Amino acid sequence: MFVYLSKKIAIPNGVKLHSLAWNPDHGWLAAGGADGLLKVLKLDAPRPAGATQAPSNLSMNQTLEGHQGAVVCSTWNANYRKLTTSDQNGLIIVWMLHKGVWFEEMINNRNRSVVKAMKWTPDGQKICIVYEDGAVIVGSVDGNRLWGKEMETGLTNVEWSPDASYILFVTTDSELHIYDSQGTKVKSIPSLSDRSESKKKRAGNALIVAIDWYDGMEGYADSTAPTLAVAYADGRVQLARGSDDADPIIIDSGLRLRECKWDTRGTTLALAGTSEEKKDAVVRFYSPKGVKLRSLKVPGGGINALSWEGGGLRIALAVDAYIYFANARPEHKWGLFAGEVIVAAYQPPERSGTALVFWDLRTGDKVKKRANGLRHVKAVGDHCVTICDEVDIQSKKTTHAIKLRDAIGVVVEERSSPLDPKFCSLTEHFCLVASERYVYVWQFARQQSVKGREQKMQKELISLREAGGREKVLDVEDGSSLPLNEFREDDERMRDPITAITASEKALFVGRRNGDVHEFALPTLRQKCIHRYHSAPWLLRVNCDASKIAVVDAHGRLGVLDLSAADPERRKVVRDEFSEEKEEKKDSEDVQPVMKLERKDCWDVLWAEDDADSFAAMEKTRLCVYKNLEPEEPVVCSGYLASFKDLQVTSVVLEHVVQSPDKVQKDSVVSNDTARLRELKDKIAQTGASDAYNFVDANPHPRLWRHLAEAALEALDLQCADKAFVRCSDYQGIQFVKRLRALSDRMKRKAEVAAFFGRFEEAEQIYRDIDRKDLAIDLRTRLGDWQRVAELVRSGAGDDKTLQASYLKLGDHYAGRSRWSRAREFYDLAGDVEKRASCYYRLEDFDALEKLLSNLPERHPLLGELGRMFESVGLHTPAVDAYLRANEPKQAVDCCVLLNQWERAAEIAEDHGYQQIEGLLAKRSGQLLREGQKLLAVELYRRANRPTDAAKLLATIAEEVGVKNACPVRAKKLHVLAALEVERFRKKALDLTTTNGDIAQTTAATLDTLMTQDADSGTGAGRKIMDNAWRGAACYHYYCLAHRQLYDAQYVDAMKTSIRLSEYEDILPKVDIYSLVALSAYHAKDWYVCSKAFIKLETLDDPPQCDDEKEDYLEEIQKLAIDIFTDHAPGDKSPNNLDPCYFECLNMGVGYAACTKTGRAVLDGRTIKCKTCRHHAIESALDGANCCPLCHSAYPDEYRS
């Protein structure tokens, strides 16, 4: 950063100041001094972009009367616009603003001690007041006292934590104590006097003179950065990350400190005091990490108080009877590249960390990227480089990520720096990162990206890759370089570390603390020479041909080294522009003289891109342009230099960009003409373009010739314009002048000139004034402004063909931007059916697309494309219709197959004689079966109208499920589905035999159907399902019903239902059947049935296959039978009087009609027979149910209750 004094205000009568407080939100500055002096000042608001940041007038200067003693303490409540002040007598006054005048709102005087400090919470709700005798008062914003406390020791200062949860007190013994917001002590913070090894020796100097805790109101640039600053009289400062930091950063400023203050963003700490040697008043600025940024010497006897302006760009200093204002120019991380793209780092207010905004000045688009831990941003050519510190969460190790980005922030290439990146420079091919001793060189440009370079440069780039790869590390101390994989960093500190670096395409320049500027060749990194300078470089800038280098030291003094004028004798005493005699250097390094130039307070330099002898420099708030070291008349400017070319200096007011990147406008980018360009414009305005020709001829520059040519065109001075275009080698301009000469009408010439300069509205108006709308249409056509073309045609110019073409182009315009609704409207007007269909498809308006399909004639070229559109979204019906109307039946079949519509595919194949459909079906079903997706194969057969295949596959799946005994309900469902497929096949067969034809035809069809059915029956499960479709479903239905009844304690019904299962020994395991019968009979206490079930279990012909398991099984059955029937004799008959049909089924497996609802035998009473599965249910047991319990088909209406 750079800081300089910009303004001084004298206090009347020489009254000495004791306190300063600057309102961060509204800009009011309160100054308190001796004899009760209290003033509220306000400087004029900053001027628009490009103007100075130091307004000279006061918009408010009011003296507040009320204090009698010296005003020693003042603080602002920014949220409520209140000022609180206190004097040496302990009087406290709260001031408020009313109609532009400050009035007393409240007065308080404890009359016992002096107020040492007052602080409001960040939200302005509470104030804490501490007295010298140790008294503490906490009050609310409305004047109520919340609580008070008497400390055991005196107090000197107080601070609120950022969240207002804690209060930090400083005692007269320089101890730090933390209390909560209710006055309860929490802990103590170790001070430097506690940490010092020689505590007694430094006890007198280790007094805390000031504390400041950043309130976080403007966010945190780095969440790990310190926020609490504790300043000691001996010059040391303790920077802590809150109250729990066990390892704070310690700064030794070398001053006798009086005050310390964070800026309003928490990024800069100002320390005010006096130097030990010369007793000068000095302000030193540090980063949150303790890095010294700048020193500012202030005239006067000493600094009594300081305060930052909101935004941190200005600081006020109370020195004796004066207020000094200093402007701060922060080192923003930013750059301009890729033509007109600005990249800048800013601090998001809603969260901690740093972000990057990429602002395209041509389009106004802004892209944001997160970049926490950002260290550097550099931009050149088509890319920018960001360097960020990244901390690994697990290892806590910090790496330095170098990311090469394009114009929208996308990372193109990435590396990790082996060095601590204190300095950075960037060229179109090299990224250079420097620590205090080493320079890391990364060649990121590819060979194919090198354009327009000399053959020598290309060979050097190739040789660098071959010699050491694309990454090297240079040791500035001895001039050696190593490939990155061979580099090992030496921890030894240099006596003269690196202070600045810069680079061109062919050379690297490294500035050191002793004033030496080392020059190394790129890409070989061979040391060429060492240039001497009178002080340590702070900023280095090299010109476009690497013949001169601008040097700015830490005091803002600017000098220029002429690199091309090397002194061969090298041992002469050199006098620089400050008349400081330099000692003779006796080494063999080259020494270049400092060119005669003496400028001070310089903080930015930029060489012209097209002139090696011109550069621009920022001196305070002035922009100075130099040509051959001769300064031009400076202009007021507050921006940061972005580019210098074509005699124009472009600067950016970065404060506007970083404070509100979403709202920043293009007026934050300011262009200033150089003196020659301004003089040319004045001459043209006064005497015309022809008379200005001689001036440009005497001061030739392409930009001046181009401007002269443009001015001559405006005046229609074609001869002067032609000569000027020739001098600036503008072939396009020469051809344009030639075309103008072919026009005889002066008005046409004026219109063409207006169009040439982009003033198209003016050109069109000229054509309309001379009644040549056709030329206006031609102009808009060339521009591609089809909206205006359509408007002109509708107004009476042009023809229908032009209007249709304009509508078509407008449709293409909106379609290219994915605005399909708008594009469809213009395609409708243009009558383009094909593009309108594309819009419907993009909008997913398939109803409109089907309507369009219906309106197309047969074999229209668009029908095939419409079919593909419908096919891509799964709409097979319109897709097939489109293919068939386009006479593409094969595509229709393929569409049906792709969308799994096999029945429709079979119909189309049959109608058009395609036999491949059977092969496709078999291939697809085989693939599904191999993949184990049997249910998908079933669905495929169903869609292909192959019910028998579907039924057989379903029966096979059901049999597999039954064998696994995993889920009987699932097995029942599969059997029901298989039976329904069989019924569908039979119904279709009957329909075929009963429709149309005489008796002979019907008989033949019936015989064919029966033969087909017999052939389709096959073997195994398929044979069973075709012979008796509902047998398997009934088996698992009764099996599930018996279990349900058993669990519902309907033991007799469960016994009857389980007896019915005896018919299905070929489907269910016999062990399961008779175990279920025995269990249900046991619970029903029917020992007769239970004994018969045990007999069946003991005489099974399919017990477990293993002999050991078989013996164990028989023993368990016999033992269980003995246990049961010892206590319960079986008897000769069932106590439940079961019908003989139950015993026939149990003994011989003879089936009987059983109710599907209850499982009981249907012996009498009214029953309902299902027309689908043809099974009976007792009507009284249905209890009003309207569907079959087995197949769940609905009963006919006449059966429903």
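Before we look at the first sheet, let me say what pairing means here: two strands pair if DSSP finds at least two bridges between them. Please also keep in mind throughout that what we are looking at is a predicted model.

With that in hand, consider an open sheet of 4 strands, whose order is S18-S19-S20-S21 and whose pairing is antiparallel. At its edges stand strand S18, residues 208–213, and strand S21, residues 249–252, each of which pairs on one side only. From one strand to the next, the twist averages 15°. Inside this sheet, strand S19 (residues 228–232) and strand S20 (residues 236–240) are joined in the antiparallel sense over 4 bridges, and if you want one pair to find on the screen, take Val230, whose bridge partner in S20 is Gln238.

Let me move to another sheet, which also lets us bring in an annotation. This is an open sheet of 4 strands in the order S6-S7-S8-S9, again with antiparallel pairing. Strand S6 (71–77) and S9 stand at the edges with a single partner strand each, so one side of each has no neighbour in the sheet. Here the twist averages 20° from one strand to the next. Strand S7, residues 82–87, is joined to strand S8, residues 91–98, by 5 bridges in an antiparallel arrangement, and Leu83 has Trp95 in S8 as its bridge partner.

As for the annotation, an unreviewed UniProt entry lists residues 64–95 as "repeat: WD". Over residues 64–95 the chain is 56% strand and 0% helix, and the C-alpha atoms at the two ends are 9 Å apart.

Which residues make the nonpolar surface patch of about 230 Å²? They are Met96, Val101 and Phe103. Of these, Val101 is found in strand S9, residues 101–109, and it counts as partly exposed because its relative accessibility is 34%, a value that lies between the cut-offs of 20% for buried and 50% for exposed.

Now let us turn from edges to strands that are covered. In strand S30 (residues 341–346), 6 of the 6 residues are buried, so this strand is largely enclosed by the rest of the structure. Val341, Val343 and Ala345 point one way, while Ile342, Ala344 and Tyr346 point the other way, and all are buried. S30 is joined to strand S29, residues 334–337, by 4 antiparallel bridges, with Trp334 having Ala344 in S30 as its bridge partner. The hairpin of S29 and S30 has 3 residues between the strands, and in it Ala338 takes a positive phi near 55°. S30 is also joined to strand S31, residues 355–360, by 6 antiparallel bridges, where Ile342 stands opposite Trp359.

A second case to set beside that one is strand S47, residues 548–553, where 6 of the 6 residues are buried, so it too is largely enclosed by the rest of the structure. Lys548, Ala550 and Val552 lie on one side and Ile549, Val551 and Asp553 on the other, and all are buried. Strand S46 (residues 537–542) is joined to S47 by 5 antiparallel bridges, and S47 pairs in the antiparallel sense with strand S48 (residues 558–562), also over 5 bridges. In the hairpin that S47 and S48 form, there are 4 residues between the strands, and Gly556 in the turn has a positive phi of about 80°.

Finally, let us consider charges. How many salt bridges does a search of the whole structure find? The search finds 60. In one of them Asp778 meets Arg782, with the closest N and O atoms 3.4 Å apart, and both residues lie in helix H11 (residues 773–783), 4 residues apart, which is about one turn of the helix. In another, Arg788 meets Glu791 with closest N and O atoms 2.8 Å apart, both of them in helix H12 (residues 786–794) and 3 residues apart. Arg788 and Glu791 also belong to a network of salt bridges, with Glu761, Glu764, Arg768, Arg780 and Asp785 as the other members.

To finish, the side chains of Glu1179 and Arg1166 meet in a salt bridge at 3.0 Å, N to O. This pair links distant parts of the chain, 13 residues apart, with Glu1179 in helix H33 (residues 1179–1182) and Arg1166 in the loop between helix H32 (1140–1148) and strand S58 (1167–1169). Glu1179 is partly exposed at 29% relative accessibility, whereas Arg1166 is exposed, with a relative accessible area of 55%.

How values were computed. Residues numbered from 1 in each chain as written. Predicted model: local features only at pLDDT ≥ 70, side-chain atom pairs only at ≥ 80, totals over all residues. Heavy atoms only, no water. Axes fitted to C-alpha atoms, helices over the stretch in contact; angles between N-to-C directions. UniProt positions renumbered as here; feature names shortened; annotations may be inferred. Patch = residues over 30% accessible without salt bridge, like charges linked within 9 Å, V, L, I, M, F, W, Y side chains within 5 Å. Areas by Shrake-Rupley, 256 points an atom, 1.4 Å probe, with all protein chains shown as cover. Salt bridge = Lys/Arg side-chain N within 4 Å of Asp/Glu carboxyl O. Buried < 20%, exposed > 50% of the residue type's maximum accessible area, 1.4 Å probe, protein only.
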